[in-house]
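Please prepare a short briefing on how the helices and strands of this protein are arranged, with the points grouped by topic.

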Amino acid sequence: MKPRKDFLQFARPTITDDEIAEVVECLKSGWITTGPKVKKFEEMLADYHQAPHALCINSATAGLHLALLSLGPKEGDEVITTSYTFVATLNTIVQAGFKPVLVDIDPKTYQIDGAQVEKAITSKTKAIMPVHYAGAPADLDVIYSLAGKHNLKVIEDAAHSIGTEYKGKRVGSFGDIQVFSFHPNKNMTTGEGGAIVCRDEDTVKKMNVYKFHGIDRDAFNRFSKSGSQEYDVIYPGYKYNMLDMQAALGLHQLPKLDGFIEKRTHLANRYYDLLADVDALILPEAPKYDHKHAWHLFIPLLDTDKAGLSRNDFIGKLKELNIGTGLHYQACHLFTYYKETYGYKKGNFPNTEYVTERCLSLPLFPTMTEKDQDDVVAAIKYVLKG
Ligand SMILES: Cc1ncc(COP(=O)(O)O)c(C=O)c1O
């Protein structure tokens, strides 16, 4: 089989003339850092989630860190999450001063296992951090009922799931704190960036202070005509603000998000049809509860026994045919830092290990054509035929 002409990336942002014009306008305006465009984007995000507040930050990583800090961590406090996530989920737990307590996932849907969360709760647990993996929601009723019973906060790592719905409600339209990512691979982008949605006024105030040097008012007030030059610092805070240049993209991405998700859904459904007869691929299963999948990622598992080759060799052979794939993600408990610091080891989370040894993300983005997708499927079938 001949490789396709050009390399097909597994993800690609959809940027059109609207975004470009808004960025150019921003650059010419004389105001490129945090300012009116961020404010407007925050209002749009709050509106999209029917929430009183949305805070823009420069990454979801920053957002998770702020959300965790807002809980006021004390020595020995624990946060429960899964090992099957991007390591930012765990790193921010540690950076905020918590101990990460890991649990396993459902190997078919990749979502956090509620029964294991329950078993992991101790008197030190402060919060649960479910990850809405790949754009499907975690089982939030289970998580919030445990949180209610044990007086815990829930910080939803919603990096994959802007536009996801759980039982008819949009993720971010209820619950404690949700953190979204606008990294270029995500369902909408601001270059890099993220947003926190939260309903509690005091928590929002705290996160706002931590977000910008611990200063009690933001730069926009400080530098605009109506703001004052003086400020107080009440915490040695961070520099996590989003720029107007980034928000310029977001202002045009958010209104298109539902359309992007429709295209992703069409392609995901088409993958299910086209790959149904490929024995060596185990296709992801949708959670049983009612939901709307945002289809950030389409992650089948390679049945390495049936395929007769490793996942990494499979990825390599697809690459030779100019088909890009993603690896989302490695098992976090097996990274050196987490093994050495918390004593995690191979065998701790069998479902996570099973999935992370076999997973690969197939190309999926709104401007991907059916012809592109046919090339992916043809390459997969060719490589697996041996
Ligand atoms: C589950 C998860 N959480 C957090 C992040 C961090 O997002 P960001 O790159 O916006 O910091 C990612 C990024 O890929 C992610 O996949």
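**Strand pairing and helix packing**

In this predicted model, strand 6 (residues 165–166) runs antiparallel to strand 11, and two bridges join them. Strand 6 belongs to an open sheet of three strands in the order 7-6-11, with antiparallel pairing. The points below take up this sheet, then a parallel strand pair, and then two helix contacts.

**The three-stranded sheet**

- Strand 7 (169–170) and strand 11 (291–292) stand at the edges of the sheet, and each has a single partner strand, so one side of each is left without a neighbour in the sheet.
- Where strand 6 meets strand 11, the residue opposite E165 is K292 of strand 11.

**The parallel pair**

- Strand 2 (residues 78–82) pairs with strand 3 in the parallel sense, over five bridges, and T81 has L102 in strand 3 as its bridge partner.
- Strand 3 (residues 99–103) is largely enclosed by the rest of the structure, because four of its five residues are buried.

**Helix 3 and its contact with helix 4**

- Helix 3 (residues 60–69) is mostly covered, with nine of its 10 residues buried; among them are A60, A62, G63 and the run from L64 through H65, L66, A67 and L68 to L69.
- At the N-terminal end of helix 3, S59 acts as a cap, with a side-chain oxygen 3.3 Å from the backbone nitrogen of T61.
- Helix 3 packs against helix 4 (residues 88–95) at an angle of about 35 degrees, the axes being 9 Å apart, and the crossing of helix 3 and helix 4 is right-handed.
- On the helix 3 side of this contact are T61, L64, H65 and L68, which meet A88, T89, T92, I93 and Q95 in helix 4; the residues of the contact divide into four nonpolar, five polar and no charged.
- An α-helix has 3.6 residues a turn, so residues three or four places apart point the same way.

**Helix 2 and its contact with helix 9**

- The axes of helix 2 (residues 36–48) and helix 9 (residues 244–253) come within 8 Å and cross at roughly 40 degrees, and the crossing of helix 2 and helix 9 is left-handed.
- Helix 2 contributes P36, K37, V38, K40, F41 and M44 to the contact, where they meet D244, A247, A248, G250 and L251 of helix 9.
- The residues of the contact between helix 2 and helix 9 comprise seven nonpolar, one polar and three charged.

Notes:
Residues numbered from 1 in each chain as written. Predicted model: local features only at pLDDT ≥ 70, side-chain atom pairs only at ≥ 80, totals over all residues. Heavy atoms only, no water. Pairing = 2+ DSSP bridges. Axes fitted to C-alpha atoms, helices over the stretch in contact; angles between N-to-C directions. Left-handed = near helix turned anticlockwise from the far one by under 90°. Contact = heavy atoms within 4.5 Å. Nonpolar A, V, L, I, M, F, W, Y, C, P; charged D, E, K, R; others polar. Buried < 20%, exposed > 50% of the residue type's maximum accessible area, 1.4 Å probe, protein only. Polar contact = N/O pair within 3.5 Å; in protein donor to acceptor, adjacent residues only side chain to side chain.
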